[in-house]
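Biologist: Please take one part of this model and go over it closely, then work outward from there. I would like the packing described, with cut-offs wherever a term needs them.

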Amino acid sequence: MSTLLLTHGAGSNRNAPLLIAISKALDGVDVVRYDLAFRQKRPNGPPRPGDAAEDRAGLREQVLELRQRAQSPIYIGGVSYGGRQASMLIAEEPELVDGLLLLSYPLHPPGKPDQLRTAHLPNIRTPVLFVHGARDPFGSLDEIRSALKLIPARTHLVPIQGAGHDLKGAAATIASAFQDFFK
């Protein structure tokens, strides 16, 4: 059985409704919902600029613990900020996991398309599945498609029509896309 280490966005935690729904919808996958280091320290509020490196270190430690318990494929994923931290970790250590699931990747701050968060994408050598809402203010579908071209690994984008950054109601679609992409 494969394992998915799944983490939350900046304003949430491991008990976010989307993470719970995905873990219920993913048959045959052991989903480990994980609170990032900043959330373990503070129950509320967004991460601070200095939290990112510690958040990535915590993700790395979790993956290494999962590797000790299972010989099956391990995937990592996250919503928004959590996905960005996972992608930055995998850009630094491409062999750490077998694949990356990015939900509502925060390509740029809302209303600031000139502040792209793509510098690390050319270093990702792991297959990446993006799931993105058509109304997400952190990046349009066209902007996400352009960003995917920066990644030298296999990628796929699943657009969720009518959805915003929260991907509300998309858990079944996400689970199905995950199963298809990471067969």
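In which strand is V31 found?

Modeller: V31 is found in strand β2, where strands (E, at least two residues) and helices (H or I, at least four) are DSSP runs numbered from the N terminus. The model is a predicted one, so local features need pLDDT of at least 70 and side-chain atom pairs count only at pLDDT 80 or more, while totals for chains, interfaces and linings use all residues. Residues are numbered from 1 along each chain as its sequence is written, and side-chain values use heavy atoms, with hydrogens and water left out.

V31 counts as buried because its relative accessible area is 15%; buried means under 20%, exposed over 50%, and partly exposed in between, with a 1.4 Å probe and protein chains only. Apart from its neighbours within four places in sequence, V31 is in contact (heavy atoms within 4.5 Å) with L4, L6, S23 and L26. I76 lies 45 residues from V31 in sequence, and the C-alpha atoms of the two are 9.7 Å apart in space.

I76 leads to the core. The largest nonpolar core (buried Ala, Val, Leu, Ile, Met, Phe, Trp, Tyr and Cys residues joined through side-chain atoms within 4.5 Å) has 33 residues. I76 is one of those with the most contacts inside this core, together with L5, L59, L100 and F130. At least two residues of the core are supplied by each of β2 (29-34), α3 (52-69), β3 (74-79), α4 (81-92), β4 (99-103), β5 (128-133) and α5 (141-148). Helix α4 gives the largest share, five residues.

L59 shows what such packing looks like from one residue. With neighbours within four places in sequence set aside, L59 is in contact with L5, T7, Y34, L36, I76, G82, Q85, A86 and L89. There is also a second, separate core of 27 residues, which includes V79, V131, A170 and F178.

Helix α4 can be followed further at A91, which is found in that helix. A91 is buried, because its relative accessible area is 13%. Leaving aside neighbours within four places in sequence, the contacts of A91 are H120, N123 and I124. R39 is 52 residues away from A91 along the chain, with 23 Å between the two C-alpha atoms.

Another helix to look at is α5, in which L141, I144, A147 and L148 are buried. They are on the same side of α5 because they cover an arc of only 120° around its axis, the arc being that of the directions from the helix axis to the C-beta atoms. An α-helix has 3.6 residues a turn, so residues three or four places apart point the same way. The buried residues of α5 pack against two strands, β5 and β6 (155-160).

Two residues deserve a check of their backbone. S80, in the loop between β3 and α4, has a positive phi of about 50° although it is not a glycine. S80 is buried, because its relative accessible area is 9%. L167 sits in the loop between β6 and α6 (171-181), and its phi is near 50°, again a positive value in a residue other than glycine. L167 counts as buried because its relative accessibility is 0%.

For contrast, take a loop leucine. L116 is found in the loop between β4 and β5. L116 counts as partly exposed because its relative accessibility is 47%. Setting aside neighbours within four places in sequence, L116 is in contact with L107 and H108. P17 is 99 residues from L116 along the chain, and their C-alpha atoms are separated by 28 Å.

To return to the starting point, V31 in strand β2 is buried, and β2 is among the elements that each supply at least two residues of the largest nonpolar core.
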